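Q: Could you take one part of this structure and look at it closely, explaining each term as you go? I would like a connected account that a first-year student can follow with the picture at hand.

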Amino acid sequence: MRVDPRANGPQRLRLAAVAALAAVWSLAGCAPTGDPGGTRSEPEPRRTWASLHHEAPTPPDAIDEDPRDGVFALTLVAAQGPAGGPRYTYNGTSPGPTIRARLGDAVVVTVRNELDDPTTVHWHGLHVPVEMDGVPGTVAPIPPGGTFEYRFVVTQAGTFWYHPHFDTEGQVDGGLYGAFVVEDPRDPVPDHDVVLVFDADEEHTDSTAHPAHGHGRIDGRWRVNGRVLPTLAFAGGARIRVRALNASNAGYVALRWPDMRHIGSDQGLLPRLEQPERVVLGPGDRADFEWLIGETGFVATTDSFSLNGGDAAWESEDLFSVAVEAPAPRPSGLDWPFDGATPSGDPGYADVVWVLQGSDRTNLWFINGERFPDVTVPEIPLGQPRVIEVRNLSPTRHPFHIHGMNFEVLSVDGAPPPYRMVEDTIDLGIRETVRLLVRPPNPGEWMAHCHILPHAEDGMMTMLHVSAH
Ligand code: C2O
Ligand code: CU
């Protein structure tokens, strides 16, 4: 997630379109719509009543296969997708099923690999033992036809996700990912808890090869939960918790809708309610929001947003719409247990410094002048506070992710963030420096990399050793 208090570009709310949609909806009765395919240039044809009822607006929830309290068990099958559908699926869908565990649950996921290539599953943002982290080199990948049982206890509440860490660029781009929600019993229960996964096909960061869509732009339309421009319909008066995830390889969303209520980030609730104009999510990033449904719906958009800086290269785009089935007065917000925490003081030194460099021209990306796997691995101790400084000296942004530990953002270019920010992925602006406070909860060798997957694949990955004492 990125703090972006200065963002105040034009709001593009297409209220007429919303009114038209709402009219269609009241006729249709309910139900989601949206296109599984479609091209970028043409508006999507309106779906017929019959087709509306076969499409779900959100990924299915995973079914807990273990009836015992405190255990969440699931079989996840990675396979080729259907003809004309996503390239790969988990349990037949992309996004795969949403895992909804409770804080403290023992999670057991049996992954069966029906792909033609090896695969693994990485639990992005969750603290798991290193041999459960899905990184080849620590544990052998699951061969085609093989099975692996991932076991860990969930100790953090929030919105996380899962995806392969073998041929990550190819497999994630092909559709292998899903949301992983960990519920905190202290949080208020909304009327609906909704996952929004953003992705697109065939993404590129190479501006020379794709002049029209370069600069981290996606080809084709953004998809939301696998669909172009879906509609989610709710009854007036409903209070919704929204969990947004950018599962794209290289594309940024700069989310906008009216009266944005931002309540959570990578690692659970924010310290307080934030009401920004927009929230930028780089690849790998998450944000939670609250929607208070009243009399009218809205269309959510993404601003144009370039990883090479600047906003002006293309038009903003509609992402999805929210329709109201039975208008009612807008409810008040839920009573979220915000903790009001303020940022920790910066001790001023750095234990680890990572300098990011590289160029779109060469497609060579470096950390401290090295490219994975030929990297120097610094060591920090288990459970102790340590400071990692990441400096971006390259001409593009990088959403930087560290495995195995969350971190508090101490400063961005020397300034402390406006509230205590705990993250596992932080979007570094061009020439920006961030300072991160970690306290590693598990020993082992952990990856750290840019989550623009072509950058990671082309070298921008390194490792960090957490010693057991
Ligand atoms: Cu979601 Cu190594 O990453
Ligand atoms: Cu990058």
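A: In this predicted model, strand β26 and strand β29 (residues 433-438) run antiparallel to one another and are paired over 5 bridges. The word strand refers here to a DSSP run of type E with at least two residues, whereas a helix would be a run of H or I with at least four, and both are numbered from the N terminus; two strands are said to pair if DSSP finds at least two bridges between them. Strands of a sheet pair through backbone hydrogen bonds, in either a parallel or an antiparallel sense. One place to look for this pairing is Val412, which stands opposite Val434 in β29.

Before going further, a word on how to read the model: residues are numbered from 1 along each chain as its sequence is written, while chains are lettered from A and ligands numbered from 1 in the order in which they are written. Since the model is predicted, local features need pLDDT of at least 70 and side-chain atom pairs count only at pLDDT 80 or more, although totals for chains, interfaces and linings use all residues, and side-chain values use heavy atoms, with hydrogens and water left out.

The two strands belong to an open sheet of 6 strands with mixed pairing, in which the order is β22-β21-β24-β29-β26-β27. At its edges lie β22 (364-367) and β27, each of which pairs on one side only.

From the sheet we can move to its loops. Gly414 sits in the loop that links β26 (407-412) to β27 (422-423), and with a relative accessibility of 65% Gly414 counts as exposed; in these terms, buried means under 20% relative accessible area, exposed means over 50%, and partly exposed is what lies in between, using a 1.4 Å probe and protein chains only. Although Gly414 and Thr433 are 19 residues apart in sequence, their C-alpha atoms are 7.7 Å apart in space. Another loop, between β28 (425-428) and β29, holds Arg431, which has a positive phi of about 60° although it is not a glycine. Most residues other than glycine have a negative phi, and most peptide bonds are trans. Arg431 also counts as exposed, at 52% relative accessibility.

On the side of β22, the loop between β22 and β23 (379-381) contains Pro373. The bond between Phe372 and Pro373 is a cis peptide bond, with omega at about 5°.

Strands further along the chain bring us to a metal site. The copper ion (ligand 2) is coordinated by ND1 of His398, SG of Cys450 and ND1 of His455, at 2.0 to 2.1 Å, and these donor residues follow the spacing H-x51-C-x4-H in sequence. His398 belongs to strand β25 (residues 398-402) and Cys450 to strand β30 (residues 444-450), so this pair ties together parts that are 52 residues apart in sequence. A donor is an N, O or S atom within 2.8 Å of the metal (3.2 Å for Na, K and Ca), and because water is not among the atoms, sites may look incomplete. His398 is buried, its relative accessible area being 0%, and Cys450 also counts as buried, at 0% relative accessibility.

To set beside the sheet described above, there is an open sheet of 4 strands, ordered β3-β2-β5-β7, whose pairing is mixed. Its edge strands, β3 (88-90) and β7 (147-153), each pair on one side only. Strand β2 (residues 71-80) is mostly covered, with 8 of its 10 residues buried. β2 runs parallel to β5, to which 8 bridges join it, and Ala73 has Val108 as its bridge partner in β5. Towards β3, by contrast, β2 runs antiparallel and is joined by 3 bridges, with Ala78 standing opposite Tyr90 in β3. Strand β5 (residues 106-113) in turn pairs with β7 in the antiparallel sense over 7 bridges, where Val107 has Phe152 of β7 as its bridge partner.

The loop between β3 and β4 offers a parallel to the loops seen earlier. Asn91 lies in this loop and has a phi near 50°, which is positive in a residue other than glycine; Asn91 is partly exposed, with a relative accessible area of 35%. Pro95 lies in the loop between β3 and β4 (99-102), and a cis peptide bond joins Ser94 to Pro95, with omega about 0°.
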